[in-house]
Amino acid sequence: MEFLNEIQTTVFWVGLWQIILVNIVLSGDNAVVIALAARSLPPRQQKQAVFWGAGAAVIMRIILTIIAVEMLKWPWLKLIGAVLLLWIAVKLLLPEDGDGDDVESSDNLWAAIKTILIADLVMSLDNVIAVAAAAKGSITLLVLGLAISIPLVIFGATMLMKVMDRFPIIITIGAGLLGWVSGDMAVTDPVVKVWVDANAAWLHWAAPAAGAVFVIVTGRWLAAREKKKEQVVDLA
């Protein structure tokens with residue numbers, strides 16, 4: 001009954017779309033790593049490696065994020081997480097270094113699955129923090145959001161990467177969303193929540209908006225500076 005009541009709220013559906021978008025934007029590299037880890041397998045085993053590796057990654061990510069959701073109930077952790085999430089969001093707008101060619105490939109199915117799991121674990125910190133923040137304590141929202149978005153990212157990796165390359169605005173929107181989630185996360189930390197609710201309720205919309213603006217402005221400025229440096233090096 002509680003589940004039915006929850007899914008009938010606007011907050012639930014907004015949160016679900018936030019989790020799906022955040023995960024799609026942040027999981028592009030994970031998807032590429034999965035493809036690279038299985039690239040030496042025969043075609044049939046490649047599909048098996050992606051399927052089983054993806055399935056195990058979904059379960060692992062859900063467990064890790066549930067732990068993160070619980071930890072975010074501790075004082076100060078949301079404030080720390082908010083700062084970390086801001087940096088993750090800004091970094092999303094910077095030019096990427098490397099293309100994953102150093103990922104170890106394997107001609108053994110189980111070795112490839114193990115590589116996929118280890119790579120996903122190492123690369124999942126940003127996803128876990130962002131999704132845990134977007135879930136706002138709802139395990140239902142968390143499980144549904146991850147269960148929908150991770151397979152979508154993994155099996156549609158090539159298409160998603162092409163779409164994001166063609167429409168960079170998707171990355172900018174995703175980064176802005178992370179900034180929004182970061183601001184919302186900061187004002188709901190147990191250390192400040194009671195004071196904010198009593199004295200500055202306007203921060204519940206102002207802090208997320210400021211987070212989104214900060215990420216987009218800072219990210220674009222740093223990206224432009226990096227591009228300028230590269231041009232100077234090329235000319236030299």
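**An all-helix fold, from architecture to side-chain contacts**

The protein has twelve helices and zero strands. The model is a predicted one, and the pattern along its sequence reads α-α-α-α-α-α-α-α-α-α-α-α. Of the 236 residues in the protein, 44% are buried. As for how the chain folds back on itself, take the contacts between residues at least 6 apart in sequence: 87% of these join residues at least 24 apart. On the outside, the protein exposes about 13,300 Å², and carbon and sulfur atoms supply 69% of that area.

Two helices are worth a look for their geometry and their cover. Helix α4 runs over residues 43-71. Its 29 residues should span 42 Å at 1.5 Å a residue, and the end C-alpha atoms sit 41 Å apart, so the two figures agree. Buried positions in α4 include A49, V50, G53, A54, A57 and V58. Further along α4, M60, R61, I62, T65, A68 and V69 are buried too. Helix α10, residues 169-187, has 19 residues. From first C-alpha to last, α10 reaches 27 Å, close to the 27 Å expected at 1.5 Å a residue. As for cover, α10 is mostly tucked away, with 15 of its 19 residues buried.

Back at α4, there is also an outward-looking side to describe. I59, I63, I67, M71 and W74 form a nonpolar patch on the surface, and together they offer about 510 Å² of accessible area. One of these, I59, lies in helix α4 and counts as exposed because its relative accessibility is 54%, with the cut-off for exposed being over 50%. The spacing along a helix helps in reading such a patch: an α-helix has 3.6 residues a turn, so residues three or four places apart point the same way.

Just past α4, the loop between α4 and α5 (77-92) holds W76. This tryptophan has a positive phi of about 75 degrees although it is not a glycine. W76 is also exposed, with a relative accessible area of 52%.

A search of the whole structure finds three salt bridges. One of them pairs the side chains of K73 and E70, at 3.3 Å from N to O. K73 is partly exposed, with a relative accessible area of 48%, and E70 counts as partly exposed at 37% relative accessibility.

Another salt bridge joins the side chains of D184 and K136, at 3.5 Å from N to O. D184 lies in helix α10 and K136 in the loop between α7 (125-135) and α8 (139-155), so the pair ties together parts that are 48 residues apart in sequence. The two partners differ in cover: D184 is buried, with a relative accessible area of 13%, whereas K136 is exposed, at 54%. K136 has a backbone quirk as well, namely a positive phi near 50 degrees in a residue other than glycine.

The remaining salt bridge is between the side chains of D197 and K193, at 2.8 Å from N to O. Both residues lie in helix α11 (residues 190-199), four residues apart, which is about one turn of the helix. D197 is partly exposed, with a relative accessible area of 37%, and K193 is partly exposed as well, at 34%.

Turning to aromatic rings, a search of the whole structure finds one aromatic pair. F12 and W13 make up this pair in an edge-to-face arrangement, 5.3 Å centre to centre with 85 degrees between the planes. The angle qualifies as edge-to-face because the cut-off is over 60 degrees. F12 is buried, with a relative accessible area of 3%, while W13 counts as partly exposed at 42% relative accessibility.

Next in sequence comes V14, placed in helix α2 (residues 10-26). At 44% relative accessibility, V14 counts as partly exposed. The C-alpha atoms of V14 and A134 are separated by 9.4 Å, although the two residues are 120 apart along the chain.

Terms used
Residues numbered from 1 in each chain as written. Predicted model: local features only at pLDDT ≥ 70, side-chain atom pairs only at ≥ 80, totals over all residues. Heavy atoms only, no water. Patch = residues over 30% accessible without salt bridge, like charges linked within 9 Å, V, L, I, M, F, W, Y side chains within 5 Å. Areas by Shrake-Rupley, 256 points an atom, 1.4 Å probe, with all protein chains shown as cover. Salt bridge = Lys/Arg side-chain N within 4 Å of Asp/Glu carboxyl O. Helix = DSSP H or I, 4+ residues; strand = E, 2+ residues; numbered from the N terminus. Buried < 20%, exposed > 50% of the residue type's maximum accessible area, 1.4 Å probe, protein only. Phe/Tyr/Trp six-rings, centres within 6.5 Å; stacked < 30°, edge-to-face > 60°. Expected span 1.5 Å × (residues − 1). Contact = heavy atoms within 4.5 Å.
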